[in-house]
Amino acid sequence: KLHHTVKIFYFSIVSEVISYMLRLSYWDHMSRGYDPIHHDDMRNTKRAYVAFELFSNFAMMLVVVLLAKGWTIVRRKISAMGRVRIAIYYSFYVFIAITAYAYSEFIYEAGTVQYKLASTPGVLYVFSRIFASMWFTYAVFTTYKNYASKRKFYKLFYSCFIFWTMS
């Protein structure tokens with residue numbers, strides 16, 4: 001039987017693979033000269049691959065935060081206050097990311113180049129990632145400080161995932 005973090009991680013991988021397959025289909029149609037503005041199926045394919053990409057991102061962020069807090073590595077249970085903080089941050093993170101996507105998808109002027117991060121919700125999304133990296137750093141540092149037996153793991157974990165949380 002798999003642990004919850006492994007299940008969430010697998011969900012993230014499967015979502016990302018589905019996103020890549022849908023994105024490949026979308027770009028294949030683009031290369032054949034289809035216009036996404038006039039073909040509903042292409043717009044829906046793009047929305048689907050972005051949705052799966054967001055699901056993957058949300059799941060991976062949750063796994064990274066839970067592991068940074070030490071769940072399953074040094075702790076059987078995260079404190080009640082820690083769980084509340086994770087729930088509040090994660091809710092804001094998901095809301096801001098979905099808002100940034102919806103703004104870039106549905107509120108734009110035809111004929112202008114609009115990037116998802118070039119809007120107010122997009123800037124909020126960037127700040128949420130910066131906040132995530134600061135919180136990740138604090139969580140890893142706290143776990144690193146309190147559990148000397150896992151310091152080597154947390155050094156490697158931090159060096160790998162700090163760049164992912166900022167990107």
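**Figure 1. Arg151 over the ring of Tyr144 in the predicted model.** In this predicted model, Arg151 sits over the face of Tyr144, at 5.1 Å from the ring centre. Arg151 belongs to helix 5 (residues 151-166). The Arg151 side chain also reaches the backbone oxygen of Tyr144, at 3.0 Å. Leaving out residues up to four places away in sequence, Arg151 touches Tyr144 and Lys145. With a relative accessibility of 31%, Arg151 counts as partly exposed, because the partly exposed class runs between 20% and 50%. Between the C-alpha atoms of Arg151 and Phe141, which are ten residues apart along the chain, the separation is 9.6 Å.

**Figure 2. Arg129, Trp164 and the second largest pocket.** Arg129 lies over the face of Trp164, at 4.7 Å from the ring centre. The second largest pocket has a volume of about 260 Å³. Its lining consists of 13 residues, and those closest to the pocket centre are Glu16, Glu53, Asn57, Arg129 and Trp164. Arg129 and Trp164, the two residues of the charge-over-ring arrangement, are thus both included in that central group. Helix 1 (4-31), helix 2, helix 4 (120-146) and helix 5 each supply at least two residues of the lining. Helix 2 gives the most, with five residues.

**Figure 3. The aromatic pair Tyr26 and Trp27.** The model has a count of 15 aromatic pairs. One of them joins Tyr26 and Trp27 in an edge-to-face arrangement, with 5.3 Å centre to centre and 85° between the planes. The pair counts as edge-to-face because its planes are over 60 degrees apart. Tyr26 is buried, at a relative accessible area of 7%. Trp27 is partly exposed, at a relative accessible area of 47%.

**Figure 4. The aromatic pair Phe52 and Phe55.** Phe52 and Phe55 form an edge-to-face aromatic pair, 6.0 Å centre to centre and with 85° between the planes. Both residues lie in helix 2 (residues 40-68), where they are three residues apart, about one turn of the helix. Phe52 has a relative accessible area of 27% and is partly exposed. Phe55 is partly exposed as well, with a relative accessible area of 39%.

**Figure 5. An aromatic cluster.** Phe58, Tyr89, Tyr93, Tyr125, Phe131 and Trp135 form one aromatic cluster.

**Figure 6. Ser56 and its contacts.** Ser56 is located in helix 2. Its relative accessibility is 5%, so Ser56 counts as buried. The side chain of Ser56 reaches the backbone oxygen of Ser12 at 3.0 Å. When neighbours within four places in sequence are set aside, Ser56 is in contact with Ser12, Ser15 and Glu16. Ser12 thus appears both as the backbone oxygen partner and in the list of contacts. Glu16 is also among the residues closest to the centre of the second largest pocket.

**Figure 7. Ala59 and its contacts.** Ala59 is another residue found in helix 2. With a relative accessible area of 5%, Ala59 is buried. Not counting residues up to four places away in sequence, Ala59 touches Ile8, Phe11, Ser12 and Tyr90. Ser12 is also a contact of Ser56. The C-alpha atoms of Ala59 and Met166 are separated by 16 Å, and these residues are 107 places apart along the chain.

**Figure 8. Ser133 and its contacts.** Ser133 is located in helix 4. A polar atom of the Ser133 side chain lies 2.7 Å from the backbone oxygen of Ile130. Ser133 is buried, with a relative accessible area of 6%, because buried means under 20%. Apart from residues up to four places away in sequence, Ser133 touches Ile162, Thr165 and Met166.

**Figure 9. Thr72, a residue with positive phi.** Thr72 is not a glycine, although its phi is positive, at about 75°. Thr72 is found in the loop between helix 2 and helix 3 (80-106). The relative accessible area of Thr72 is 35%, which makes it partly exposed.

Conventions
Residues numbered from 1 in each chain as written. Predicted model: local features only at pLDDT ≥ 70, side-chain atom pairs only at ≥ 80, totals over all residues. Heavy atoms only, no water. Phe/Tyr/Trp six-rings, centres within 6.5 Å; stacked < 30°, edge-to-face > 60°. Buried < 20%, exposed > 50% of the residue type's maximum accessible area, 1.4 Å probe, protein only. Helix = DSSP H or I, 4+ residues; strand = E, 2+ residues; numbered from the N terminus. Lys NZ or Arg CZ within 6 Å of the ring centre and 35° of its normal. Contact = heavy atoms within 4.5 Å. Polar contact = N/O pair within 3.5 Å; in protein donor to acceptor, adjacent residues only side chain to side chain. 1 Å grid on protein atoms, 1.4 Å probe; cavity = no way out; pocket = protein on both sides within 12 Å on 5 of 7 lines; lining within 4 Å. Points joined across faces, edges and corners; volume = space filled by probe spheres on them.
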